[in-house]
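The exercises below ask the reader to work through a structure step by step. Each task is followed by a full solution.

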Amino acid sequence: MKSAVIIGASMGGLLAARALSGVFQQVTVVERDRLPEEARARRGVPQSRQAHALLARGSMALDELFPGFTAQMIRAGVPKGDLQADCQWYLDGHPMRQAVSALPVYGVTRPLLEHLARERVRALPNVTITDSGDVTGLLHDGGRVRGVRTGSGTIEAELVVDAGGRASRLPIWLDELGYGEVPVSTVRTDVVYTTRHYRYEPGRIGFAVVNAPYPGLPRTGVTIRQEGDRVVLFLGGILGEEPPTDDAGVMAFAESLPGPEIRDFLRTAEPLDDPVRMRYPSSVRRHYERMPRLPEGLVAVGDAMCSFSPIYGQGITVAALQALALARTGGTGRWFTAAARLVDAPWTMATATDLRFPQVQGARRVLDRPLNAYLERYRAAAAHDPDLGAAFLRVSNMLAGPGHLLAPGRLLRVLLSPGRAGREPVRRRPPVAGRRG
Ligand SMILES: Cc1cc2nc3c(=O)[nH]c(=O)nc-3n(C[C@H](O)[C@H](O)[C@H](O)COP(=O)(O)OP(=O)(O)OC[C@H]3O[C@@H](n4cnc5c(N)ncnc54)[C@H](O)[C@@H]3O)c2cc1C
């Protein structure tokens with residue numbers, strides 16, 4: 001019987017299970033955690049207590065994998081908006097001009113997203129999810145992976161999918177089996193994240209407000225309306241900036257952001273829980289595609305392959321695109337080369353943006369500097385040119401490649417725009433409160 005086994009039942013593993021259910025007769029997902037029956041955060045996915053954004057390409061990919069998924073989210077109470085008309089973006093401190101973009105945005109909590117995906121996978125007749133089971137190693141012989149070893153026995157399979165997340169032990173197992181070390185790229189940004197929920201009151205705040213970090217203000221503050229009549233507040237600092245968790249500190253942090261919306265909202269907002277903090281030291285990309293030799297019958301997806309900075313919200317979308325590729329190929333052929341290609345553009349975009357901060361360590365490419373100078377001008381020009389804003393959102397939502405920002409008409413308008421000198425970013429306060437050491 002043709003079977004596949006998947007390590008991990010978080011978003012990466014669930015989407016891979018859906019993809020492979022059309023290719024293999026039997027798919028088994030092994031998850032270490034005890035899985036909840038309802039939408040609840042859990043230990044194996046510590047980031048599930050933090051705010052998550054679902055990129056537009058990600059929501060479309062979810063609909064391709066699970067037809068009607070976004071309609072199901074809406075039935076579960078998830079609000080939907082227009083990414084440009086209903087959201088106020090501040091890029092490099094410049095308020096993006098609002099206009100209808102027809103790009104969808106959903107305010108969904110991470111536990112609900114995973115719960116809905118899990119329920120869809122549970123309903124597949126040829127998929128079994130086994131929880132409370134730790135995968136401890138690979139079954140391997142003759143240059144092939146033959147299944148996995150678990151705490152309670154073995155599971156044989158023609159294909160093993162590692163969806164074990166950032167802390168995946170696959171590199172250790174491969175090294176032990178004699179395949180050598182997996183090359184890794186790391187970009188250290190020291191992100192510190194806090195998430196807190198507030199009661200939503202119509203008219204008090206728009207669908208979403210996003211203050212993106214930039215050199216000079218390495219802070220971010222985001223609110224998004226979510227299911228259950230909630231507004232999630234996510235504050236983030238990078239490179240030593242730490243968002244506070246006490247009320248006065250949160251307000252001071254909000255006051256330092258370019259946009260006034262979050263500060264004004266917090267004046268009367270009713271908190272529904274306590275802030276939860278999380279650290280994310282660095283983006284990590286494992287280059288399996290560069291390994292001289294790998295066993296047959298093995299693939300990796302999601303964070304196990306590339307753990308992106310949470311600032312850009314790319315992880316689930318990349319996992320979903322990899323799942324669509326798995327559905328097409330069944331994980332055969334040069335999987336790691338194909339999967340790496342799906343990682344290339346989001347990784348380059350995110351790390352090039354991170355590398356704008358002089359303190360961020362990582363390999364700088366020759367083109368980063370002129371490209372970032374252009375993008376700085378671009379973000380300033382998007383304050384008055386709605387097409388530039390829409391194109392930026394299409395690229396950051398992975399609906400178009402970075403070249404979209406350099407299309408001749410846009411290039412000309414950006415170069416003819418007054419640039420930074422003509423539009424100084426909105427700056428409220430120097431970034432002092434909450435700064436580490
Ligand atoms: C703070 C933060 C914020 C984020 N925000 C966003 C966002 O806004 N948008 C977005 O798209 N992405 C975001 N991400 C990334 C996103 O959470 C992940 O990309 C997504 O969860 C997919 O990851 P995954 O399934 O590959 O791995 P994970 O979610 O890490 O799951 C791995 C799973 O494997 C299980 N497991 C691990 N090892 C074993 C084993 N040996 N045996 C059995 N089970 C095992 C774990 O228990 C877990 O369930 C964020 C990440 C962080 C850290």
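**Exercise 1: A residue in a turn**

At 6% relative accessibility, Asp92 counts as buried, the term buried standing for under 20% relative accessible area, exposed for over 50% and partly exposed for values in between (1.4 Å probe, protein chains only). The model is predicted: local features need pLDDT of at least 70, side-chain atom pairs count only at pLDDT 80 or more, and totals for chains, interfaces and linings use all residues. Residues are numbered from 1 along each chain as its sequence is written, and side-chain values use heavy atoms, with hydrogens and water left out.

Task: State where Asp92 is found and describe its phi.

Solution. Step 1: Asp92 is located in the loop between strand 4 and strand 5; helices (H or I, at least four residues) and strands (E, at least two) are DSSP runs, numbered from the N terminus. Step 2: these two strands form a hairpin with two residues between them. Step 3: the phi of Asp92 is near 50°, a positive value in a residue other than glycine.

Compare Leu239, in the loop between strand 15 (230-237) and helix 6 (247-255). Its phi is near 60°, a positive value in a residue other than glycine, and Leu239 counts as buried at 15% relative accessibility.

**Exercise 2: Strand 4 and its sheet**

Task: Determine which strands are joined to strand 4 by bridges, and how its side chains point.

Solution. Step 1: strand 13 (residues 208-211) runs parallel to strand 4 and is joined to it by four bridges. Strands count as paired if DSSP finds at least two bridges between them. Step 2: strand 5 (residues 94-95) runs antiparallel to strand 4, with two bridges. Step 3: Tyr90 has Asn211 as its bridge partner in strand 13 and stands opposite Pro95 in strand 5.

Step 4: in a regular strand, side chains alternate between the two faces of the sheet. In strand 4, Cys87, Trp89 and Leu91 point one way, Gln88 and Tyr90 the other way, and all are buried. Step 5: because five of the five residues of strand 4 (residues 87-91) are buried, this strand is largely enclosed by the rest of the structure.

Step 6: the open sheet has eight strands in the order 5-4-13-14-15-12-16-18, with mixed pairing. Strand 5 and strand 18 (306-307) are its edges, each pairing on one side only. Within the sheet, strand 14 (residues 219-226) and strand 15 run antiparallel and are joined by eight bridges; Gly221 has Leu235 in strand 15 as its bridge partner.

**Exercise 3: Nonpolar cores and a buried helix**

Task: Identify the residues with the most contacts inside the largest nonpolar core, and the helix that gives the most to this core.

Solution. Step 1: a nonpolar core is a set of buried Ala, Val, Leu, Ile, Met, Phe, Trp, Tyr and Cys residues joined through side-chain atoms within 4.5 Å. Step 2: the largest has 111 residues, and those with the most contacts inside it are Ile6, Leu20, Met73, Leu113 and Tyr378. Step 3: helix 8 (residues 315-329) gives the most to this core, with eight residues. Step 4: apart from this core lies another, of 17 residues, including Met251 and Phe265.

Step 5: turn to helix 2 (residues 56-65), where seven of the ten residues are buried, so this helix is largely enclosed by the rest of the structure. Its buried residues pack against helix 1 (11-20), helix 3 (69-75), strand 6 (104-106), helix 4 (110-122) and helix 8, contact meaning heavy atoms within 4.5 Å.

**Exercise 4: Salt bridges**

Task: Decide whether Asp33 and Arg42 are buried or exposed, and compare them with Arg169 and Asp134.

Solution. Step 1: a salt bridge is a side-chain nitrogen of Lys or Arg within 4 Å of a carboxyl oxygen of Asp or Glu, and by this rule the count is 30. Step 2: Asp33 and Arg42 meet in one of 2.9 Å, N to O. Asp33 is buried at 11% relative accessibility, and Arg42 is buried at 8%.

Step 3: Arg169 forms a salt bridge with Asp134, the closest N and O atoms being 3.1 Å apart. This pair ties together parts that are 35 residues apart in sequence. Arg169 is partly exposed at 29% relative accessible area, and Asp134 is partly exposed at 30%.
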